[in-house]
Amino acid sequence: MHDPTYRQALVSAWRHTFRHPGLWLLGLFAAILGQMGIFELLSQAFLSVANGPLFESFISSPSVSVWRLAWDGSASSGPQVWVWVAWLIVAAGAAAIFFLCLAVISQGALIFAAAKGLKRGDIAIGQAWSAGGTHFWRLFFLNFIRKFFTMILVTIVGMSALLAMTAGTIGAKLLFLALFSLAVVFGMIISFLVMYAAGYIVVEEYALVESLHAAWRLFLRHWLVSFEVGIIFVFANFVLIALAMAGFLLILIPVSLLNVLAAVTASAILSSFSTYILFFLFVCLIMFLGAVFTVFSTSAWTYLFMKMHREGVKSRLLHWMRA
């Protein structure tokens, strides 16, 4: 049988993504968990390097600062304020749980839809959603494992970066480079294992522990292929960022005309309106790109998982070297 190529996986995923635009809403929710790739680790590691340890960055974040101000204000107020703060915490927690459930179910639905759509071409969104709900708890704990280890790796990178910046010695900088490199490699491996385990859970109906064992065996057989495809998707993320920047510039053109009109008419309302329009359209653009790319990347990884598991995929790097 002809060995499948990465191009086939990407082309099939591209066609699947735009043949079923109904999946884009699922992609939007699934994007909350982070895409099925290694760019999440790289981006968080970069932010950790820029901002120091993860805990320090978390404490100094704007959202936490708002909560601290609300807490400090309520501490000196009466019981009514405490009731409002309690309701606010409950509402925020309920919203977080709700969107987390949507994200996990959507991830399972995308994997199921990709497995069915790439084989037969036709899918039912309702059936995919039901499949995502059926595998909810296994996927939830799988994503929890990924987030837990990602947080550990990012924290290690952030602490080593802080040490390198404060100490300023060559040894501290070499330690940071070594830990950063190891964190990237281990983070990539964790991402591959989680992606393959999710495929075993949804497509092959494996239990959680069984899926992790099978994912490890699959990775050992295709470790070079996994890294090659992971690097491809790192570059794909840079293309996505370029598209977002280009889209922002396109949005900026009509908004700039509104700003000029606001300056000519000396209208503060029109000026504020143009700012809100720019923000709203850019957020819509980011949501659209994130949703489409999540469907695309999930479909591509599912395609490759099915080929690896059932037929095997040969490394293109080894193929080129032999050629």
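In which helix is phenylalanine 144 found? In this predicted model, phenylalanine 144 lies in helix H8, which covers residues 136–167. Together with Phe148, Phe149, Ile152 and Ile156, Phe144 forms a nonpolar patch on the surface, and the accessible area of these residues together amounts to about 460 Å². In general, an α-helix has 3.6 residues a turn, so residues three or four places apart point the same way.

The secondary structure of the protein chain consists of 13 helices and 0 strands, so that the succession of elements from the N terminus reads α-α-α-α-α-α-α-α-α-α-α-α-α. Of the 323 residues of the chain, 41% count as buried, while the exposed surface comes to about 17900 Å², of which carbon and sulfur atoms supply 76%. Among contacts between residues at least 6 apart in sequence, 79% join residues that are at least 24 apart.

The largest nonpolar core comprises 69 residues, and Phe192, Tyr196 and Phe233 are those with the most contacts inside it. The most is given to this core by helix H9 (residues 170–202), with 16 residues. When neighbours within four places in sequence are left aside, tyrosine 196 is in contact with Ala215, Leu218, Phe219, Ser226, Trp301, Phe305 and Met308. As a general tendency, nonpolar side chains in soluble globular proteins are buried together.

Between H9 and helix H10 (208–221), the loop contains glutamate 205, a residue that has a positive phi of about 60° although it is not a glycine. Most residues other than glycine have a negative phi. With a relative accessible area of 48%, glutamate 205 is classed as partly exposed, because the partly exposed class lies between the limits of 20% and 50%.

Leucine 252 is found in helix H11, which is made up of residues 223–265, and at 29% relative accessibility leucine 252 likewise counts as partly exposed. Leucine 252 and leucine 278 are separated by 26 residues in sequence, yet their C-alpha atoms are 6.9 Å apart in space.

Helix H12 comprises the 43 residues 268–310, for which a span of 63 Å is expected at 1.5 Å a residue; the C-alpha atoms at its ends are 63 Å apart, and the two values therefore agree. After H12 comes glycine 312, whose phi is positive, near 95°.

Notes. Residues numbered from 1 in each chain as written. Predicted model: local features only at pLDDT ≥ 70, side-chain atom pairs only at ≥ 80, totals over all residues. Heavy atoms only, no water. Helix = DSSP H or I, 4+ residues; strand = E, 2+ residues; numbered from the N terminus. Buried < 20%, exposed > 50% of the residue type's maximum accessible area, 1.4 Å probe, protein only. Contact = heavy atoms within 4.5 Å. Areas by Shrake-Rupley, 256 points an atom, 1.4 Å probe, with all protein chains shown as cover. Expected span 1.5 Å × (residues − 1). Core = buried A, V, L, I, M, F, W, Y, C linked by side-chain atoms within 4.5 Å. Patch = residues over 30% accessible without salt bridge, like charges linked within 9 Å, V, L, I, M, F, W, Y side chains within 5 Å. Salt bridge = Lys/Arg side-chain N within 4 Å of Asp/Glu carboxyl O.
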